[in-house]
Structure formats: C-alpha cells, structure tokens
Amino acid sequence: MKKLENPVRSTGNTEISYEDIYNAEYSGKRDVEFFKSRLLKNNSKRVLEVGCGTGRIFDGLLRANPTINYIGVDYSEAAIDHFRQSHLNTETICGVFPDCMPEGFRGSFDAVLFTFNGLSYIPDG
C-alpha cells in the first residue's frame with residue numbers, strides 16, 4: 001500500500017488524503033478565480049484567509065502574485081500540516097478564529113477571506 005502524506009482515513013488498501021478530497025471535490029470550481037480576480041482588482045497585498053485548508057486558494061493567489069503577504073488560519077491540524085509541507089515560508093495558524101490568533105496580534109489586511117464556509121466555524125458570542 002502506498003503511504004500518502006497527511007492521510008485523513010484509510011479504506012482497506014487505499015488511503016485518502018486532504019489533497020485527494022479537495023482535488024476531487026473542487027477541481028474545475030471557480031472560487032479560486034473569483035478570489036484571485038477580486039484581490040488583483042483591489043491591489044490587495046496583505047491577505048488573511050480564514051478556513052485556508054490545505055492552501056488551494058493560496059496556490060492560485062501565489063501564481064497571480066508571488067510576493068503576496070499572506071496568513072492562513074484553519075482549525076484542522078491535518079490540513080494545516082499539509083499546507084505547511086507545500087508552503088514552508090508561509091505563515092499559518094491552527095485553531096478556531098479569532099481565538100487562535102496570538103495574544104497581542106496586531107495587523108491590518110487589505111483583504112480577509114472567509115473561504116470554504118469559514119464563517120460557519122466562528123463561535124457565537
């Protein structure tokens with residue numbers, strides 16, 4: 001059996017990774033182009049993405065603007081681990097937003113993206 005990095009579950013002789021799931025579910029979707037076009041149109045240089053997952057949206061943003069200043073946040077440790085393997089020099093934070101932000105975190109962003117239903121994971125109150 002071939003071992004995949006960051007498997008999310010094993011089914012007999014097959015392991016399924018986050019990348020496999022994202023590629024199957026989201027290939028051909030237009031959300032990457034939507035976010036990329038909006039950020040380019042607004043000349044966004046510093047971006048916070050809440051619900052960054054494995055970095056699918058970031059990959060598109062990076063191709064459009066290799067110097068983008070980006071922070072990705074996601075509550076899934078497996079997704080963040082996969083993101084970090086692909087993008088070693090990109091800042092990521094694992095936890096539930098906004099509680100996961102480091103104490104004293106101050107920052108302003110040109111854009112804050114709530115992708116992959118990211119708003120539904122923010123706690124009430």
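Okay, let's start with one residue: leaving aside residues up to four places away in sequence, K45 touches I68, N69 and D110, where a contact means heavy atoms within 4.5 Å. Before going on, this is a predicted model, where local features need pLDDT of at least 70 and side-chain atom pairs count only at pLDDT 80 or more, while totals for chains, interfaces and linings use all residues. Residues are numbered from 1 along each chain as its sequence is written, and side-chain values use heavy atoms, with hydrogens and water left out.

Back to K45, which sits in the loop between α2 and β3. Helices (H or I, at least four residues) and strands (E, at least two) are DSSP runs, numbered from the N terminus. K45 is partly exposed, with a relative accessible area of 46%; buried would be under 20%, exposed over 50%, and partly exposed is in between, with a 1.4 Å probe and protein chains only. F109 is 64 residues away from K45 along the chain, yet their C-alpha atoms are separated by 8.0 Å.

Now follow the chain into β3, residues 46-50. Is this strand buried or exposed? Well, 4 of the 5 residues of β3 are buried, so β3 is largely enclosed by the rest of the structure.

And β3 has partners. Two strands pair if DSSP finds at least two bridges between them. With β4, residues 69-74, β3 runs parallel and shares 5 bridges; with β6 the pairing is also in the parallel sense, over 4 bridges. L48 is a handy marker here, standing opposite I71 in β4 and opposite V112 in β6.

Zoom out, and 4 strands make an open, parallel sheet in the order β5-β4-β3-β6. The edges are β5 (91-94) and β6 (111-114), each pairing on one side only.

Last stop: cavities. On a 1 Å grid over the protein atoms alone, a cavity is a set of points where a 1.4 Å probe fits but cannot get out, and lining residues have an atom within 4 Å of a point. The whole structure has 2 cavities of 30 Å³ or more, and the second largest has a volume of about 50 Å³, counted as the space filled by probe spheres set on the points, with grid points joined across faces, edges and corners.

Who lines that second largest cavity? The residues are K36, L39, L40, S44, L61, A64, N65 and I68. Helix α2 (31-41) and helix α3 (56-64) each supply at least two of them, and α2 gives the most, with 3 residues. And I68, in that lining, is also one of the residues K45 touches.

Key. On a 1 Å grid over the protein atoms alone, a cavity is a set of points where a 1.4 Å probe fits but cannot get out, and a pocket is an open set with protein on both sides within 12 Å along at least five of seven lines; lining residues have an atom within 4 Å of a point.
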